[in-house]
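Reader: I am new to this structure and should be grateful for a close look at a single part. Would you please take the place where the chains meet and explain it in connected prose?

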Amino acid sequence: LLFYWSLGCWCVLLLLFVSVASAGRDVDSGSNDTGRNPAPEDSHHQTNSTHHKKAFPVLSFNFDHVRKPFEISLWILLALLMKLGFHIIPRVSHVVPESCLLIVVGLLVGGIIKAFDEDAPVQMLDSKFFFLYLLPPIILDAGYFLPMRPFTENLGTILVFAVVGTLWNAFFIGLTMYGVCQIEAVKLGRVDLLSCLLFGSIVSAVDPVAVLAVFEEIHINELLHILVFGESLLNDAVTVVLYHLFTEFSHKGTVTVADAFLGVVSFFVVSLGGILIGAIYGIIGAFTSRFTSHSRVIEPLFVFLYSYMAYLSAEVFHLSGIMSLIACGVVMRPYVEANISHKSYTTIKYFLKMWSSVSETLIFIFLGVSTVAQPHPWNWTFVVVTVVVCFVSRVLGVVSLTYIINKFRIVKLTKKDQFIVAYGGLRGAIAFSLGFLLPDNEMKQLFLTAIITVIFYTVFVQGMTIRPLVELLAVKKKKESKGSINEEIHTQFLDHLLTGIEDICGHYGHHHWKDKLNRFNKAYVKKWLITGERSTEPQLISFYNKMEMKQAMMLVESGSAAKLPTIMTPVSMQNIQPKEPLKRRAIPSISKSREQEIRKMLRGNLQKTRQRLRSYSRHDLMVDPFEEDVSEVRLRKQRVEMERRVSSNSAANKQSQPWISKQQLGKDNNIP
Amino acid sequence: MGSSSSRLDRVPGAKDLMEETGFSETNILCLYDRFEVLDREERGYLRLEDFEAIQQLAVNPIGDRIIGAFVFPGRETLDFPSFVRVLAHFRPTDTTWSRSGSQPEPANSRTRKLRFAFSLYDQDGDGKISRAELTEMLQAMLGMQVTDEQLQSIVGRAIQEADLDRDGAISFDEFKKSVEKVDIDHKMSTRFLR
């Protein structure tokens with residue numbers, strides 16, 4: 001505990017130093033030394049005097065050279081240390097969600113820096129920085145790992161909440177605030193309708209970062225999670241359109257019907273265009289991954305870069321970058337995963353999680369820091385009314401929309417669900433950054449203050465209380481389940497069943513279209529985007545292979561022979577039962593190569609080969625020789641049995657003896 | 001309302017069917033229209049050929065099993081009430097129905113739905129899904145793209161996961177348990193829209 005706090009303090013001090021240093025204009029190699037200079041004294045004296053003959057500087061101090069990266073690294077380090085530190089104090093982290101703690105830390109750090117130096121540029125949450133660097137990793141992580149099944153099943157509901165709900169929120173808040181401003185007592189008569197509507201559109205959008213941060217900790221059931229989260233992702237299109245619309249209108253001054261109509265058209269253009277761009281990049285990415293079998297090391301980069309390009313391209317045309325990013329990840333994923341190696345898959349997964357984690361932490365800290373940096377014109381009425389109105393409009397919107405949606409849903413949304421959806425509508429950094437982009441007029445600071453207050457309210461109050469409320473209302477929690485082959489089989493079976501039933505009824509429902517899409521996918525798309533053999537592999541087989549691979553790896557890593565019988569038994573049972581004459585179908589090359597893969601992998605890990613010294617190449621992923629030696633002895637035991645199992649699998653009918661006893665014999669022999 | 005009640009009179013036994021299955025008037029009418037479309041020769045009942053004429057079912061890997069579930073073994077024809085009774089399984093689950101009732105369990109309860117699905121697996125009706133039956137089902141679903149060894153390993157693994165009493169076959173309770181995490185109410189329901 002002491003260690004972390006001392007590290008944290010050291011970081012803060014360094015940050016102070018850095019900010020003070022950056023405040024000075026001419027950073028000479030010695031002129032900015034405030035005494036914390038680690039360089040030894042003599043060189044300092046040497047380099048300070050420029051008109052003496054310069055001796056060769058053994059050690060010199062040139063901070064300006066690395067200032068920017070140094071600052072950035074320090075901030076990230078501080079963020080990560082804080083993230084680590086919170087889990088040291090279990091009581092606090094259980095009650096308060098991480099996001100709140102991070103904002104508080106940001107506030108403290110901002111306050112400290114400001115206290116030392118009034119003019120220090122503490123405005124960290126620069127909009128460009130936020131939208132271009134901080135936001136994309138989080139969205140890509142969310143989009144790439146989006147659970148497709150619940151998402152598509154609830155797509156209608158999500159869209160209604162995202163589009164209609166956000167529109168309702170924006171107009172309700174905007175109009176109410178305008179009404180409030182008209183009241184004489186508030187002294188805000190200068191605020192015109194368009195500015196209020198603009199303000200309403202900024203503050204109405206549910207924020208994916210905040211939702212992710214809070215919902216992740218409460219482990220709520222899948223349906224609610226996907227509803228709120230899906231809404232927060234898809235409402236980006238609405239926000240973008242409304243924002244640009246009202247900004248343009250407030251420039252022009254007058255609004256005509258034609259303009260309103262164009263606004264509606266632009267909504268479709270923004271959202272569909274964004275999705276289209278994302279899909280195009282996704283397909284290109286999938287196509288590229290088809291050819292990467294010889295350079296496995298750079299595979300993950302393709303995924304990241306194509307997605308990022310999709311985001312940037314969409315932003316160029318003022319289309320919805322978030323939707324483009326999500327479309328790219330969703331389209332790319334099934335094909336890329338079939339093509340890339342297992343290690344690349346792990347790399348992608350961990351890099352995305354890492355980046356999004358860092359981004360999220362940074363966003364919250366900077367939110368805190370930037371709050372301190374603003375002058376805050378405080379108008380009680382405006383701010384309080386905004387908070388209340390936001391909450392009220394959200395509740396009203398959710399309740400009325402659910403009433404309509406439930407008429408079309410198979411599984412209705414209960415009152416509890418509605419409450420969680422309404423309560424989970426958190427605002428976050430996107431609203432703040434959009435507010436920051438507002439044209440500089442007298443209202444901007446007031447709006448920013450109100451936005452920050454709403455954000456703080458939702459993140460702190462709603463974020464903190466949502467967990468006890470979930471427990472209190474006994475909302476269904478997420479069911480922890482590993483993939484089971486049974487579930488996969490039965491789910492596919494039920495898909496076929498329902499498709500058949502729908503065809504009998506002559507009713508083109510959800511399953512019918514899904515089936516059509518799957519057929520199209522299998523017939524045409526997979527051939528183009530997946531390398532050779534894997535393109536005809538049915539989904540069930542891939543799933544099964546993945547499971548087997550996972551289990552084989554688990555086996556190798558844990559080194560326990562106890563797990564073996566579970567894999568052995570199916571083979572044994574197969575041999576005991578009388579087999580009907582095998583129809584000799586032409587064995588497609590898939591199974592052989594998959595077998596080879598699994599076999600190769602197991603062999604590579606189990607054999608005690610003395611690693612021949614290969615020439616070092618940066619582009620090859622080398623097996624760690626140390627790991628091999630350590631597990632060598634343990635694994636030798638299993639090697640014999642694994643090889644037997646693998647070879648018996650390919651010559652299934654040759655074994656006549658019951659397999660079990662042979663295995664037991666083998667085990668007995670090997671016990672030292 | 002007048003016209004629809006006269007339309008309802010066309011449908012034999014409509015009132016009883018509505019009460020038994022819980023379908024609404026519009027649903028029954030809709031299904032009856034569909035029944036008449038399928039019954040091209042207007043015999044008043046459906047035969048195997050009528051089902052086979054549905055193109056999509058021919059492409060469906062388990063199409064013949066589904067048809068078999070409608071047309072019970074031993075009977076050749078399917079009349080309208082039986083048609084509706086089978087489809088009643090796929091009505092969205094009523095959240096208001098509670099277990100304590102004196103009424104028999106409705107067709108669209110979770111257990112009844114699962115029983116229907118189970119009966120599609122269990123072709124010989126012995127109350128258990130044997131290894132062979134599961135293999136057959138998987139073969140139908142996976143088609144030509146899989147070897148026997150892969151099939152056997154998948155079947156073996158599936159049985160081993162689900163078979164809790166180690167009798168080598170999956171009983172109804174074991175089946176129920178293995179899909180407890182799947183949202184059956186959602187997956188096995190379809191909307192009978194107008």
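Author: What follows describes the interface of chain A and chain B, and then the parts of each chain that help to place it.

The model is predicted, and every value below is computed from it. At the interface, 58 residues of chain A are in contact with 58 residues of chain B. The size of an interface is often given as the accessible area lost when the parts come together. Here chain A and chain B bury about 5600 Å² between them, and carbon and sulfur atoms carry 64% of that area. As for polar links across this interface, the rule finds five residue pairs in polar contact, with both residues at pLDDT 80 or more. Salt bridges between chain A and chain B, by contrast, number zero.

Several helices build the side of chain A that touches chain B. Helix 7 (148-153), helix 20 (485-505), helix 21 (510-529), helix 22 (539-558), helix 23 (564-576) and helix 24 (589-606) of chain A each supply at least two residues to that side. Helix 20 of chain A gives the largest share, 20 residues. By kind, the residues on this side of chain A comprise 23 nonpolar, 21 polar and 14 charged.

Helix 20 of chain A therefore merits attention, since the largest share of the touching side comes from it. One of its residues is Thr491(A). With a relative accessible area of 11%, Thr491(A) counts as buried, because the limit for that class is under 20%. Leaving aside residues up to four places away in sequence, Thr491(A) touches Arg149(A) of its own chain, together with Val182(B) and Lys187(B) of chain B. Thr491(A) can also be set against Glu597(A): the two are 106 residues apart in sequence, and their C-alpha atoms lie 28 Å apart in space.

Arg149(A), one of the residues touched by Thr491(A), leads to a further link. Side chains of opposite charge can pair when their charged atoms come close. The side chains of Arg149(A) and Asp495(A) form such a salt bridge, at 3.4 Å from N to O. Arg149(A) belongs to helix 7 of chain A and Asp495(A) to helix 20 of chain A, so this pair ties together parts that are 346 residues apart in sequence. The partners differ in exposure: Arg149(A) is partly exposed, at 33% relative accessibility, whereas Asp495(A) is buried, at 13%. Both helix 7 and helix 20 of chain A are among those that supply residues to the side touching chain B.

Over all chains, the count of salt bridges comes to twelve. Another of these joins Glu217(A) and Arg467(A), whose side chains meet at 3.6 Å, N to O. Glu217(A) is in helix 10 (residues 208-218) of chain A and Arg467(A) in helix 19 (residues 442-473) of chain A, so the pair ties together parts that are 250 residues apart in sequence. Glu217(A) is partly exposed at 21% relative accessibility, while Arg467(A), at 19%, is buried. A further salt bridge links Arg394(A) with Glu231(A), the closest N and O atoms being 3.0 Å apart. Arg394(A) lies in helix 16 (residues 380-405) of chain A and Glu231(A) in helix 11 (residues 222-252) of chain A, so parts that are 163 residues apart in sequence are tied together. Both Arg394(A) and Glu231(A) are buried.

Two other helices of chain A may be added. Ser356(A), in helix 15 (residues 342-373) of chain A, is buried, with a relative accessible area of 7%. Not counting residues up to four places away in sequence, Ser356(A) touches Pro137(A), Ile138(A) and Asp141(A). Helix 3 (residues 67-86) of chain A has 20 residues and should span 28 Å at 1.5 Å a residue; its end C-alpha atoms are 29 Å apart, which agrees. The buried residues of helix 3 of chain A include Leu74(A), Trp75(A), Leu78(A) and Phe86(A), and also the charged residues Glu71(A) and Lys83(A).

Chain B, the partner at the interface, has twelve helices and two strands. From the N terminus on, its elements run α-α-α-α-α-α-α-α-β-α-α-β-α-α. Of the 194 residues in chain B, 48% are buried. Among the contacts in chain B with a separation of 6 or more, 53% are between residues 24 or more positions apart.

Methods: Residues numbered from 1 in each chain as written. Chains lettered and ligands numbered in written order. Predicted model: local features only at pLDDT ≥ 70, side-chain atom pairs only at ≥ 80, totals over all residues. Heavy atoms only, no water. Contact = heavy atoms within 4.5 Å. Buried area = accessible area lost by both parts, 1.4 Å probe. Salt bridge = Lys/Arg side-chain N within 4 Å of Asp/Glu carboxyl O. Polar contact = N/O pair within 3.5 Å; in protein donor to acceptor, adjacent residues only side chain to side chain. Helix = DSSP H or I, 4+ residues; strand = E, 2+ residues; numbered from the N terminus. Expected span 1.5 Å × (residues − 1). Buried < 20%, exposed > 50% of the residue type's maximum accessible area, 1.4 Å probe, protein only.
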